[in-house]
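This report covers how the chains are arranged, which residues meet where they touch, and one strand of the fold.

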Number of protein chains: 4
Amino acid sequence: MMKKIAVLTTGGDAPGMNAAIRAVVRSAINSKLEVMGVFRGWWGLINEELKSFDHRSVSGIINQGGTILKTGRCPEFYTAEGQERAYQTIKKHSIDGIIVIGGNGSFKAAHEFYKKYKVPCIGIPASIDNDVNGIDMTIGADTAVNTALAAIDNIRDTATSMERIFVVEVMGRDFGYIALMVALGGGCEEVIIPEKKFDLEAISHNIVQGSLKGKMSWIIVVAEGAARADDVAKKITEITDLETRTVVLGHVQRGGRPTAISRDLALNLGKAAVDCLLKGDSDKAVAFHHGKIGTVDFETAIKKKELGIEDMYNLLKILT
Amino acid sequence: MMKKIAVLTTGGDAPGMNAAIRAVVRSAINSKLEVMGVFRGWWGLINEELKSFDHRSVSGIINQGGTILKTGRCPEFYTAEGQERAYQTIKKHSIDGIIVIGGNGSFKAAHEFYKKYKVPCIGIPASIDNDVNGIDMTIGADTAVNTALAAIDNIRDTATSMERIFVVEVMGRDFGYIALMVALGGGCEEVIIPEKKFDLEAISHNIVQGSLKGKMSWIIVVAEGAARADDVAKKITEITDLETRTVVLGHVQRGGRPTAISRDLALNLGKAAVDCLLKGDSDKAVAFHHGKIGTVDFETAIKKKELGIEDMYNLLKILT
Amino acid sequence: MMKKIAVLTTGGDAPGMNAAIRAVVRSAINSKLEVMGVFRGWWGLINEELKSFDHRSVSGIINQGGTILKTGRCPEFYTAEGQERAYQTIKKHSIDGIIVIGGNGSFKAAHEFYKKYKVPCIGIPASIDNDVNGIDMTIGADTAVNTALAAIDNIRDTATSMERIFVVEVMGRDFGYIALMVALGGGCEEVIIPEKKFDLEAISHNIVQGSLKGKMSWIIVVAEGAARADDVAKKITEITDLETRTVVLGHVQRGGRPTAISRDLALNLGKAAVDCLLKGDSDKAVAFHHGKIGTVDFETAIKKKELGIEDMYNLLKILT
Amino acid sequence: MMKKIAVLTTGGDAPGMNAAIRAVVRSAINSKLEVMGVFRGWWGLINEELKSFDHRSVSGIINQGGTILKTGRCPEFYTAEGQERAYQTIKKHSIDGIIVIGGNGSFKAAHEFYKKYKVPCIGIPASIDNDVNGIDMTIGADTAVNTALAAIDNIRDTATSMERIFVVEVMGRDFGYIALMVALGGGCEEVIIPEKKFDLEAISHNIVQGSLKGKMSWIIVVAEGAARADDVAKKITEITDLETRTVVLGHVQRGGRPTAISRDLALNLGKAAVDCLLKGDSDKAVAFHHGKIGTVDFETAIKKKELGIEDMYNLLKILT
């Protein structure tokens with residue numbers, strides 16, 4: 001029977017992780033479980049850096065970005081020795097189940113660990129990139145999109161006032177979600193994403209055509225997984241002989257207060273993860289899909305996610 | 001064949017209405033339709049206040065709150081004479097279809113008008129209250145929730161610092177959606193919504209019990225459709241003899257830049273509404289439901305919406 | 001010689017108090033002083049609720065609203081017995097000087113206490129109302145003004161879209177600073193402040209005249225010290241027979257992340273307060289005045305502050 | 001006698017320029033002047049792109065970033081022919097005075113033009129860099145600082161969660177104001193500004209020493225005029241062998257809604273500029289200095305501004 005669980009955050013931090021930690025801890029306590037917080041992801045399991053959490057341990061964090069448990073990559077966990085040490089920590093502290101808050105990299109590691117040691121493990125998808133397969137929205141993605149959108153709104157002010165061409169690079173790893181959402185919501189003229197071949201000659205042609213008709217300002221959003229803003233800008237300038245400016249939004253997109261959606265997801269998924277462990281589930285992630293909370297096997301979750309882009313991409317073209 | 005359409009906004013304004021107008025106008029033009037903007041809702045049809053819109057008419061509005069078409073209630077449209085005058089405007093300007101951006105009150109009026117005059121009409125659900133039946137999310141609801149949540153975050157600062165009990169009234173008419181989302185995301189201790197009986201004796205008892213254990217600050221969220229903040233606060237003070245403070249968030253929740261979700265919905269639904277008219281649909285609203293864009297008949301949309309509250313309400317209790 | 005000091009926050013909380021605490025604690029430690037944090041203002045001195053603070057005690061709070069020391073009113077401190085008990089705490093813990101972060105009420109109490117017990121005491125002006133005499137800007141005032149301004153921007157969206165008259169009540173106690181700044185920055189049509197007689201007949205006349213020329217939306221800002229929004233709105237409706245809406249911004253204005261100005265002031269004044277104690281100053285507040293950091297005697301600081309309103313008030317009239 | 005004036009915005013755009021335009025236009029009209037808006041800065045004078053503005057021309061812009069008059073650099077204005085053509089436009093339209101909203105580059109050009117043609121000209125200092133000599137604060141600087149500070153707050157979330165070293169480059173041209181304000185308000189560990197020699201060996205040494213004591217996250221703010229973030233990060237990694245991340249905030253700092261301070265300055269300075277023209281002043285800028293509105297000669301304004309950095313720089317060191 002499940003008596004004690006541990007919770008950890010791994011991979012890149014995402015806004016809402018703290019709300020998820022709060023939900024896991026308080027849901028667990030509400031179900032008479034003990035709960036331990038593990039620090040610095042897998043590293044904390046390997047190095048026995050963890051401590052008991054109570055109701056108060058997670059007070060005042062629901063609206064804070066980042067993660068109070070800290071996070072990071074841990075190459076050691078990919079070694080047999082690292083995994084064994086992590087397992088020893090789990091045994092030593094009589095931990096009956098683990099909840100891993102992170103992205104698909106985190107789930108891959110959790111899946112490997114589960115196959116070997118059979119310690120019940122449930123994932124909670126948290127990633128600004130929204131790139132976890134089989135689910136509609138990860139914790140943090142809505143916040144990152146809104147942060148990037150606010151930046152685009154600012155850039156629009158200066159692009160319009162100075163009549164300039166901007167190339168803005170957003171995060172998202174090899175997934176074009178943030179770029180597409182931001183380009184659409186920001187009323188941007190072009191978007192370059194990994195899921196679609198792009199043609200800088202054609203874009204440059206459009207810019208020149210537009211400028212002949214009096215359209216003087218452009219914002220081109222580039223997903224970091226598709227190209228570098230600087231390269232795109234340089235090429236456009238080469239072809240059109242027009243000045244360009246670049247902005248790389250970078251890590252600003254990772255932090256900040258979670259939006260309502262990110263908090264709401266975090267709270268619901270945190271509770272759902274505890275419920276999963278209690279009813280004996282393992283090797284899967286809780287997931288928000290088609291408007292409902294469910295689960296998705298780790299094996300599915302870590303597969304390459306397809307972005308249903310055609311509609312959104314076409315919409316962008318129509319609305320510009 | 002559809003050659004010219006009109007678009008109007010009615011009822012209370014909601015952030016994202018402008019993005020929807022932009023999407024309607026540009027999608028229509030992209031499909032070779034003429035499009036007219038009608039001012040002040042039904043009033044503009046009755047009084048022939050409308051004009052032709054082109055691509056540029058909707059530039060620079062995607063991120064602006066409110067509606068450039070203006071909006072309002074129009075009692076005259078509920079009279080036979082008012083409807084007849086509106087119909088004469090439609091005929092005079094050879095308008096083949098109407099797109100109505102608004103809430104369920106707007107759809108009710110549109111439904112009546114359609115039954116009488118058979119002018120094709122499609123609704124786009126925009127309302128901060130999220131109270132349109134048969135759909136998951138209206139344009140503007142996510143923005144209003146985030147605005148209210150930011151206010152709650154602020155109030156939390158002072159509630160904690162001064163160790164006070166706050167009663168915060170949020171909008172939502174007779175639907176508890178905003179209140180529930182905000183209470184959950186804000187880590188609030190109690191929520192009072194129209195969908196659930198509330199017991200101020202019990203709440204007061206909890207407060208006293210909490211204060212004995214050292215819990216000194218409380219935020220109680222009240223949906224405007226359930227009770228008035230002042231009444232709730234007065235009653236709690238009567239029972240507990242503890243000081244209370246009230247905040248009525250009010251119309252601040254109506255305005256502001258639309259969030260990514262509100263913009264994205266607006267753009268997708270705007271396009272979808274034009275497509276509906278083009279393929280001969282009428283008497284229904286476009287709708288986001290279970291993760292997809294579809295439609296819902298006006299007759300269904302205007303019915304009382306049930307809020308699936310039990311899970312969220314229980315979650316609030318567990319997480320507090 | 002000064003060896004140990006105590007810091008406390010009293011009165012209403014203001015954004016930037018935490019940054020001030022950080023600056024006091026770290027400046028003190030940098031000058032080889034010990035420093036104790038006193039909880040709940042004077043109450044903590046009376047009830048010996050205080051503890052030693054080190055460098056880490058104030059980590060991560062620079063951008064947080066409210067005060068980690070908590071605050072509140074303390075009627076007991078106005079009694080001889082309360083003051084005596086506070087003094088005993090000070091003696092018991094060998095505290096050589098006190099830094100009081102608060103508004104003019106706090107300084108009045110500090111001044112009385114100093115006169116009686118001669119414990120060196122320096123004030124740091126923190127108040128959203130900006131009503132401390134002899135200084136240009138208190139910690140928190142700029143944040144409150146920006147928060148209120150963002151609310152006004154939101155209300156403007158709906159006022160314009162629905163063509164309505166709004167009466168918006170802002171904080172500021174009996175000082176019109178917030179109201180005037182917000183009305184000016186928000187492009188509001190009227191402002192009602194305690195420093196100036198107002199005439200609702202004249203305002204109503206202006207509204208009617210404006211509406212005849214097609215001006216349909218109005219925002220009238222009311223300082224809480226001058227009138228209640230509801231009364232103003234009711235009266236305007238009586239006279240003009242036009243619908244009005246009211247918003248009372250309330251405690252939302254107290255919280256939130258401090259602006260750059262509020263943080264910058266807090267850090268500079270925190271350091272300056274420690275320097276004052278070190279060089280033997282007492283019975284005065286550090287102050288930002290005419291672009292420089294200086295001091296102002298408590299006796300001056302607690303006098304009624306004059307708001308130089310004529311220029312700003314006239315400007316409002318010209319710009320509307 | 002002054003009968004008609006023109007207003008233009010030149011150089012980089014700054015938040016609050018629109019509020020300044022509003023104040024100029026409405027103050028001028030209030031003083032019975034005619035007023036023309038010139039588009040695209042000096043270019044609009046040269047190419048006769050200008051039009052009459054009335055009270056309504058500047059409605060709804062007070063809270064919008066950028067400039068409705070558009071702006072830009074204009075090399076042609078530095079030629080005798082360009083200046084002559086600008087002068088012809090002025091004569092043709094019977095313009096008696098010009099108000100130039102911009103930074104010190106704009107004032108330099110205005111000064112040259114005035115010396116040659118003696119057309120009365122008043123400057124309004126608007127620049128995010130706050131680098132205009134003889135004044136305390138330019139329109140837009142407070143907004144840019146707050147925008148950068150919000151970004152730093154976000155980066156702090158991820159820096160703390162992932163225990164990383166961040167190097168963040170902010171704007172400011174060859175002036176360290178934004179960098180210093182942001183580093184101080186953001187609680188950053190180091191700041192690199194053009195006004196002060198920096199030593200990456202020493203910074204790296206501090207980082208290593210800190211990490212031995214458990215301090216794992218750092219934010220180093222770099223003014224664009226002092227160094228490139230990438231170079232600084234690379235060097236630190238070379239010396240310390242620790243991973244670093246960089247963020248270049250870029251043009252996001254230019255846009256966005258102006259803060260209360262930026263709006264308030266804009267409105268007061270706009271009115272003051274009109275008053276200056278009316279009373280026959282010329283060849284100077286209106287200025288906020290030591291808490292008051294006054295003027296500064298163009299000759300002084302365009303000199304290199306000294307940043308009084310020692311106190312702030314030392315404060316940063318004490319508070320970290």
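## Relation of chains D and A

In this predicted model, a turn of 180 degrees with a shift of 0.0 Å along the axis lays chain D on chain A, and the RMSD is 0.0 Å. The two copies are thus related as by a two-fold rotation axis. The contact reflects this: the same surface serves both copies, and 100% of the contact residues of chain D recur in chain A.

## Contact between chains D and A

From chain D, 28 residues are in contact with 28 residues of chain A. On the chain D side, two elements give two or more residues each: the helix α5 (141-162) and the strand β9 (244-248) of chain D. The largest share comes from α5(D), with 10 residues.

By class, the residues on this side of chain D are 14 polar, 7 nonpolar and 7 charged.

## Contact between chains C and D

Chains C and D meet through 31 residues from chain C and 31 residues from chain D. On the side of chain C that touches chain D, the elements giving two or more residues are α1 (17-30), α5 (141-162), α6 (177-185), α9 (260-278) and α11 (310-319) of chain C. Of these, α9(C) gives the most, with 7 residues.

The chain C side of this contact has 12 nonpolar, 10 polar and 9 charged residues.

## Strand β6 of chain A

How much of strand β6 (residues 165-170) of chain A is buried? The count is 6 of the 6 residues, so the strand is largely enclosed by the rest of the structure. In a regular strand the side chains alternate between the two faces of the sheet. In β6(A) both faces are covered. One side holds A:Ile165, A:Val167 and A:Glu169, the other A:Phe166, A:Val168 and A:Val170, and all are buried. A charged residue, A:Glu169, is thus listed among the buried positions of β6(A).

Which strands does β6(A) pair with? One partner is β8 (residues 218-223) of chain A, joined in the parallel sense over 6 bridges. Within that pairing, A:Val168 stands opposite A:Val221 of β8(A). Another partner is β9 (residues 244-248) of chain A, also paired with β6(A) in the parallel sense, over 5 bridges. There, A:Phe166 of β6(A) has A:Arg245 in β9(A) as its bridge partner.

Notes:
Residues numbered from 1 in each chain as written. Chains lettered and ligands numbered in written order. Predicted model: local features only at pLDDT ≥ 70, side-chain atom pairs only at ≥ 80, totals over all residues. Contact = placed C-beta atoms within 7 Å. Helix = DSSP H or I, 4+ residues; strand = E, 2+ residues; numbered from the N terminus. Buried ≥ 20, exposed ≤ 12 C-beta atoms within 10 Å, placed from the backbone. Pairing = 2+ DSSP bridges. Least-squares fit on C-alpha atoms with pLDDT ≥ 70 in both.
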